[in-house]
2 protein chains.
Amino acid sequence: MRTANRHNYRQTAKEKEKLSLLTTPISLPVCEIITIGSELLLGQIQDTNSTFLAAELARIGVDVRFRTSVGDSSEDMTMALNSALGRSDLVITTGGLGPTEDDLTREVVATVSGVPLVFKQELMDQIDAVFKRYGYRMPESNRKQAYIPEGAEAIENPVGTAPAFVNKIRGKPVICLPGVPRELKYLWANAVASWIKKRFALRENMVTYRVLKAAGIGESKVDTLIGDIIRKSQNPKIGLLASPGEIKIRITAEAKDKEDALRLITPLEQEIKSRLGNKIFGVDDETLESVVSRLLLARGLETVVLETFTCGKIAERLLESIESPVRESMIIPRYDDLARCFSITEDPPCIEEVTSVARGLGARYARGVGLVVIGFLRKQGESYYVDGRAAAAGEGLVKTYSWTMGGDPAMLRQRGTVIGLNTLRLGLISAR
Amino acid sequence: MRTANRHNYRQTAKEKEKLSLLTTPISLPVCEIITIGSELLLGQIQDTNSTFLAAELARIGVDVRFRTSVGDSSEDMTMALNSALGRSDLVITTGGLGPTEDDLTREVVATVSGVPLVFKQELMDQIDAVFKRYGYRMPESNRKQAYIPEGAEAIENPVGTAPAFVNKIRGKPVICLPGVPRELKYLWANAVASWIKKRFALRENMVTYRVLKAAGIGESKVDTLIGDIIRKSQNPKIGLLASPGEIKIRITAEAKDKEDALRLITPLEQEIKSRLGNKIFGVDDETLESVVSRLLLARGLETVVLETFTCGKIAERLLESIESPVRESMIIPRYDDLARCFSITEDPPCIEEVTSVARGLGARYARGVGLVVIGFLRKQGESYYVDGRAAAAGEGLVKTYSWTMGGDPAMLRQRGTVIGLNTLRLGLISAR
């Protein structure tokens, strides 16, 4: 039921052959990610590490075919490692490199490799230096972290105490990374990505993605407008991923280099953009909030936000970048308080009143635009609904939107947030 | 490096024997969760389904030992299913039950079982009814969803179009659930949990958890205060899970029923509570915001929140429940605006000024308490730091806190949010 961008592996053999007539044939290395830690199996934490690694590996052209999580058990880790080695060209593990007794990755990898653990003085010095930098004396237990399997290549970790390493088992690299997300990301960016690219002779951008992002349009409407292109797409392949209020259209091309890939992608991208028009708000890493911030800053404008049922998510998204165009933000969750503060007389308020509130808020600052999103969750059977009103006004700009929608509170908040940001965006581009 | 609540499987055989002298011996069924969808392998979405299932399975006494994600490929799904059947008593899959061509779970399960797919008129009628309810005509492609492996037990899905089913393969149940989180949760609560409990004759609460939650204290301080209890704990077993600003202390007991488990847990819980005092803010499902809301509502108080660098996360957490004590919330991200609006004269402001702002905000409402959290992210090399001030004041209540902390912006926001909520909580309990 999840609509998504899917590689259809069943077609690999036949289709790849056909595509090879169009583009240089590509054989992507197959990777398995193993995340280690009983907290993952108890559902205590989200496994964000493997999501991060999966996205990064896809970006550099590695085909992640399996992700596995195991607990802190030698037996289970051994089983997972062996089965990964049987079906992949590359294995990446995260976690289990800490100083405590239940951190077992080093031991398991050494055992599966059939080698002993060896002490590395240079790792010990580096761990010691991390403690010194923070003004602590290294506890004896951290000595354990200076051991790696004999023959393994150490990856120094200047941002934490867990050195990572690469060991070859049956000719296949097993890269063991720490479980702390910040350390993992640092090591990925500074050592691991380039190591993998070199080892598998990955050329830059053999697989190139372009993601078009749309708001203010439903999934079925997108399908009506571009379904024909999606269904006949092969290389580039087009997939949809919908979340409340936003749709991602992903164009994936395989070619011998980025230039060739873009030559395949660009005509499709143009066609989709022309069919969807201003529903497309951004490309690739752009977010609704980054686009709105950019549009505001480019015009020297700032914004004041007033929200009700969205609980501050609009302001939060606009505030997440360090350079933010938000001067002030308010949440007034109840109708009575809102009516008193802003002379609103109806519930749901009429769009004129909402627009006038937005204009008033914008006028608090010299180059201010007000953004107001008003609505109140009301129960209807087991579900909720909202009668929503959004207005962006100020500095010659006016854009409004009224809607009604039903669902669970979290989804309604998320959709309301997208609608609010998108209303401001549409106001800004139409005022161009 | 992740500090967490970990089962140490290596000890299973030996330790279980020892524990069996104390408590009734327990053999938990071993489960593997397989989540299906190429979007998971591309890192496009977080796998929240397996986190949900893992937590729920742990709750009813099922031992999740592996989690695997595979793409929409028959070959990879078959491999994952076979390896799961080899090492588990129960397999749960999510995803791949939709109407489109790349939804392959039905086919793969039938093939691995060695049976054909069969059409079920009652499922067809139920799918048709879902479309009718939303006023649509069922597309022909959805007919595919009325097929399940011969001999499988259907699980009707009244909240979506993907019926789920259970099939036995080599005597082991394979439960196939849809990938849409809302449908998955509905089916879990209304059919699947009870099915599993019955099938494995799980008595209520053979494994009982109690989670104590602490704020305003670091992990190393917790270790100093209760490390001796943690290290000697076996049944109950104690584990720590730290996140920015908050620490969870999990007490896990295995016993023949909940009453016996609580008899094991209670003395430890009391001891930990007495050592940590008011650092413990809640138990089990309680959150900092639910505790603060409860304390406010119980005293007939409401709150007005002013934030800077926390970007509205304090208000958001307090607003997430439908019954919220927040009357008004503001974010003013820049020092100059804040200084002008609230007559603040220093940066960082002195705690007296912050307290007076809090008192003024609280006074806007009859039984109002102001909560103010002020700080500004400043760069220091590659990192950021904040000089923070928090004050809760109004209705005879005053509590303040000043601190300095460094790190990345997201972590600083999260910790600032916890500090703000905790300051209000400490104010409310000391005003009792």
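**Entry 1: domains of chain A**

I started with the seam between two domains: domain 2 and domain 3 of chain A bury about 770 Å² between them, with carbon and sulfur atoms giving 59% of that area. Buried area here is the accessible area (1.4 Å probe) that two parts lose on being put together, summed over both. On the domain 2 side, A:Pro244, A:Asn278 and A:Phe281 lose the most area to domain 3 of chain A, and together they make up 63% of what that side buries.

Some housekeeping before I go on. I am looking at a predicted model, where local features need pLDDT of at least 70 and side-chain atom pairs count only at pLDDT 80 or more, while totals for chains, interfaces and linings use all residues. Residues are numbered from 1 along each chain as its sequence is written, chains are lettered from A and ligands numbered from 1 in the order in which they are written, and side-chain values use heavy atoms, leaving out hydrogens and water.

Back to the domains. I found chain A divided into domain 1 (27-199), domain 2 (207-283) and domain 3 (288-430); these bounds come from an automatic or database domain assignment. I get 29 Å between the C-alpha centres of domain 2 and domain 3 of chain A. Their contact takes 11 residues from domain 2 of chain A and 11 residues from domain 3 of chain A, where contact means heavy atoms within 4.5 Å.

**Entry 2: chain A as a whole**

I counted 14 helices and 18 strands in chain A. Both are DSSP runs numbered from the N terminus: helices are H or I with at least four residues, strands E with at least two. The C-alpha trace of chain A spans about 75 × 60 × 45 Å along its principal axes.

How many of the 432 residues of chain A count as buried? I get 58%, with buried meaning under 20% relative accessible area, exposed over 50% and partly exposed in between (1.4 Å probe, protein chains only). I also looked at contacts in chain A with a separation of 6 or more: residues 24 or more positions apart account for 67% of them.

**Entry 3: the two copies**

I laid chain A on chain B and got an RMSD of 0.1 Å, using a turn of 180° and a shift of 0.1 Å along the axis. That is the relation of a two-fold axis. The fit is by least squares on the C-alpha atoms of residues with pLDDT of at least 70 in both copies. The copies meet through the same surface, because 99% of the interface residues of chain A are also interface residues in chain B.

**Entry 4: helix 12 and what follows**

Which residues of helix 12 (residues 335-342) of chain A are buried? I noted A:Tyr335, A:Asp337, A:Leu338, A:Ala339 and A:Phe342. Their cover includes strand 13 (302-307), strand 14 (326-331), helix 13 (351-362) and strand 15 (368-374) of chain A, and also strand 14 (326-331) of chain B. Just after helix 12 of chain A, I see A:Ser343 take a positive phi of about 50°.

In chain B, I looked up B:Thr345, which lies in the loop between helix 12 (335-342) and helix 13 (351-362). B:Thr345 counts as exposed, at 59% relative accessibility. Beyond its neighbours within four places in sequence, B:Thr345 is in contact with B:Tyr335 and B:Glu353. The side chains of B:Thr345 and B:Glu353 are joined by a polar contact of 2.6 Å. For that term I use a pair of N or O atoms within 3.5 Å; within protein, one must be able to donate a hydrogen and the other to accept it, and residues adjacent in sequence count only if both atoms are side-chain atoms.

**Entry 5: two buried polar residues in chain A**

A:Asp72 sits in the loop between strand 2 (63-70) and helix 4 (74-87) of chain A, and it is buried at 0% relative accessible area. I found a polar atom of the A:Asp72 side chain 3.1 Å from the backbone nitrogen of A:Ser38.

A:Asn167 lies in strand 7 (residues 164-169) of chain A and is buried too, with a relative accessible area of 5%. Its side chain makes a polar contact of 2.7 Å with the side chain of A:Ser113. Not counting residues up to four places away in sequence, A:Asn167 touches several others, including A:Val109, A:Pro149 and A:Lys172.

**Entry 6: cysteines**

I looked for disulfides (pairs of cysteine sulfur atoms within 2.5 Å) and found zero over all chains. Why is B:Cys176 without one? The closest cysteine sulfur, in B:Cys31, is 12 Å from that of B:Cys176, too far for a bond. B:Cys176 is buried, at 0% relative accessible area. B:Cys350 is in no disulfide either, as the nearest cysteine sulfur, that of B:Cys341, is 18 Å away. B:Cys350 counts as partly exposed, at 21% relative accessibility.
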